[in-house]
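Colleague: I would like to go through this model with you, one point at a time. Please give the reasoning before the value.

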Amino acid sequence: PIPRTLHMSLAGIRDMTTMETPPEDRLPIRTFVAEYSDGLVREALLREMDRGGQVFFVHNRVKGIQALADRLRRLVPEAKFVVGHGQMREDQLEQVMLDFSSGEANVLVCTTIIENGLDIPNANTIIVNNAAFFGLAQLYQLRGRVGRSSSQAYAYFLYQKGAQLTPVQEKRLRAIFEATELGAGFRIAMKDLEIRGAGNLLGSEQSGFMNSVGFEMYTRLLSEAIAEMEGRRPETVQRLAPVALELPVNAFIPDEYINDRSLKMNVYQRMANLERPEQAEAIAAELADRFGPPPEPVANLLAVTQLKTEAAALGVEGLSARDGEVTIKLKRTIAPDRVALYKRYKTDVRVQLGEVRLPRRRFAEGQTAFLRELRELLPVIVGPQREAAASGGAAG
């Protein structure tokens with residue numbers, strides 16, 4: 001599925017069915033990502049021809065495709081080549097495909113017209129030229145044109161020698177190289193969602209990031225809308241305003257802790273949609289039980305999640321630590337407890353316009369300890385109002 005459709009399924013808007021059992025006798029496709037070289041191409045073509053098979057050579061530019069085919073003919077004179085692309089006359093293209101499917105040609109030099117709906121069991125090698133310029137879903141679809149029998153299939157994704165790949169191009173090629181097992185489509189789709197973003201739920205964009213509201217806020221709003229449409233009681237829908245955090249801590253789930261991308265995405269989404277502090281404690285206990293003691297980045301992520309839920313319940317709007325100063329921003333209806341703050345921090349504390357400012361040096365150096373001290377500080381700031389703030393935030 002495209003990123004938007006997959007995200008709708010993960011969010012509960014659409015149903016999703018996964019097929020995890022491959023056809024009988026299917027083998028995983030051996031996948032290679034490499035710089036283009038004539039030697040590699042010749043070797044791949046001859047290896048497939050030696051066992052009586054056929055090859056797709058994908059070059060997604062009509063301009064120059066004939067010149068490329070001529071070059072390949074000179075490189076491998078033993079092979080018979082045909083060329084097919086979408087700008088050919090219908091009868092011409094039909095004859096090309098008939099010649100290839102009947103085995104009269106060894107190599108089909110073509111554009112992405114073969115991406116869908118083509119089943120030629122004797123074609124078990126595909127070479128994709130300039131693969132860095134294809135989308136991840138396209139690469140996966142193209143690879144699926146081979147390996148449609150019990151024979152071992154090969155896929156070569158080539159990029160130009162000396163080319164400077166962009167970070168996104170590198171991620172695509174790495175993803176297609178790593179996801180080679182049968183049934184890897186869901187992993188590919190999850191990676192595509194991670195790379196391209198979830199798109200616009202109500203508009204035409206099928207990918208992209210919700211820069212105007214942020215992914216977390218977008219997910220919260222989406223969860224509220226789904227809950228209401230499902231007829232759940234209003235009080236079960238999250239009403240707490242999100243807390244803006246700008247804290248210099250490493251908070252994430254490393255692959256060594258949860259290496260399944262779909263499971264990791266699910267955990268992130270659950271954390272983003274937590275409503276109450278006790279839910280954060282429950283998910284921390286669950287992760288420890290399922291995956292073992294959390295490493296520091298995961299412990300920090302859990303602490304950040306608990307900090308956000310507790311801060312929202314207390315009426316805190318934002319927490320930041322920059323330029324040697326920690327700033328806690330409160331709702332206008334919350335008056336910070338100046339007496340308690342001055343007793344604890346003396347002249348180091350500054351309270352002004354709904355903000356409390358403290359020097360970073362008054363907190364522990366370690367990230368985990370810093371987050372713990374912040375959590376301990378928030379009830380001190382709110383003081384006697386904390387119960388009213390918590391109940392008011394939950395209702396409002």
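Colleague: In which sense do β3 and β4 pair, and over how many bridges?
Modeller: This is a predicted model, and the statements below apply to it. In the pair of β3 and β4, V82 stands opposite L108 in β4. The two strands pair in the parallel sense, and the number of bridges is four.

Colleague: What is the order of strands in the open sheet formed by six strands?
Modeller: The pairing in this sheet is parallel. Its edge strands are β1 (30-35) and β3 (81-84), each of which pairs on one side only. Neighbouring strands are turned by 20 degrees against each other on average, direction ignored. The order is β1-β6-β5-β2-β4-β3.

Colleague: Which residue in β4 does V58 stand opposite?
Modeller: β2 and β4 run parallel and are joined by four bridges. Within β4, V107 and V109 point one way, while L108 and C110 point the other way, and all are buried. The residue opposite V58 is C110.

Colleague: And which residue in β6 does I126 stand opposite?
Modeller: β5 and β6 run parallel, with four bridges joining them. The residue in β6 that stands opposite I126 is A155.

Colleague: Which strands does α5 touch where it packs on the sheet?
Modeller: Helix α3 (residues 65-75) also packs on this sheet, touching β2, β3 and β4, and its direction makes about 170 degrees with that of β3. For α5, the direction makes about 150 degrees with that of β5. The strands α5 touches are β1, β2, β5 and β6.

Colleague: Which element gives the largest share of the largest nonpolar core?
Modeller: This core has 35 residues, and those with the most contacts inside it are F56, L108, I114, I126 and V128. Elements that give two or more residues to it include β2 (54-58), β4 (107-110), β5 (123-128) and α6 (167-178). The largest share is four residues, and it comes from α4.

Colleague: Leaving aside neighbours within four places in sequence, which residues is V128 in contact with?
Modeller: V128 is one of the residues with the most contacts inside the largest nonpolar core. With its neighbours within four places in sequence left aside, its contacts are V58, F134, L139, L142, Y156, F157 and L158.

Colleague: How many residues are in the other core that lies apart from it?
Modeller: Among the members of that other core are V249, A321, V326 and L330. Its total is 30 residues.

Colleague: How are α2 and α3 oriented to each other, roughly parallel or roughly perpendicular?
Modeller: Helix α2 (residues 38-50) packs against α3 with the axes 10 Å apart and at an angle of about 75 degrees. The range from 65 to 115 degrees counts as roughly perpendicular. Therefore α2 is, relative to α3, roughly perpendicular.

Colleague: How many charged residues does the contact of α2 with α3 have?
Modeller: D38, V41 and R42 in α2 meet R71, L72 and L75 in α3. By class there are three nonpolar and no polar residues in this contact, and the charged residues number three.

Colleague: Which strands stand at the edges of the five-strand sheet, and why is one side of each without a neighbour?
Modeller: The five strands form an open sheet in the order β7-β8-β9-β11-β10, with mixed pairing. Each edge strand has a single partner strand, so one side is left without a neighbour in the sheet. The edge strands are β7 (244-246) and β10 (350-352).

Colleague: Over how many bridges do β8 and β9 pair?
Modeller: Strand β8 covers residues 316-322 and strand β9 covers residues 325-330, and they pair in the antiparallel sense. In this pair, L319 stands opposite I328 in β9. The number of bridges is six.

Colleague: How many nonpolar residues does the contact of α12 with α13 have?
Modeller: Helix α12 (residues 338-345) and α13 pack at an angle of about 135 degrees, with their axes 7 Å apart, and the two are therefore oblique to each other. A340, L341, R344 and Y345 in α12 meet L377, V380 and I381 in α13. By class, the contact has one charged and no polar residues, and the nonpolar residues number six.

Technical notes:
Residues numbered from 1 in each chain as written. Predicted model: local features only at pLDDT ≥ 70, side-chain atom pairs only at ≥ 80, totals over all residues. Heavy atoms only, no water. Pairing = 2+ DSSP bridges. Core = buried A, V, L, I, M, F, W, Y, C linked by side-chain atoms within 4.5 Å. Buried < 20%, exposed > 50% of the residue type's maximum accessible area, 1.4 Å probe, protein only. Contact = heavy atoms within 4.5 Å. Axes fitted to C-alpha atoms, helices over the stretch in contact; angles between N-to-C directions. Parallel < 35°, antiparallel > 145°, perpendicular 65-115°, else oblique. Nonpolar A, V, L, I, M, F, W, Y, C, P; charged D, E, K, R; others polar.
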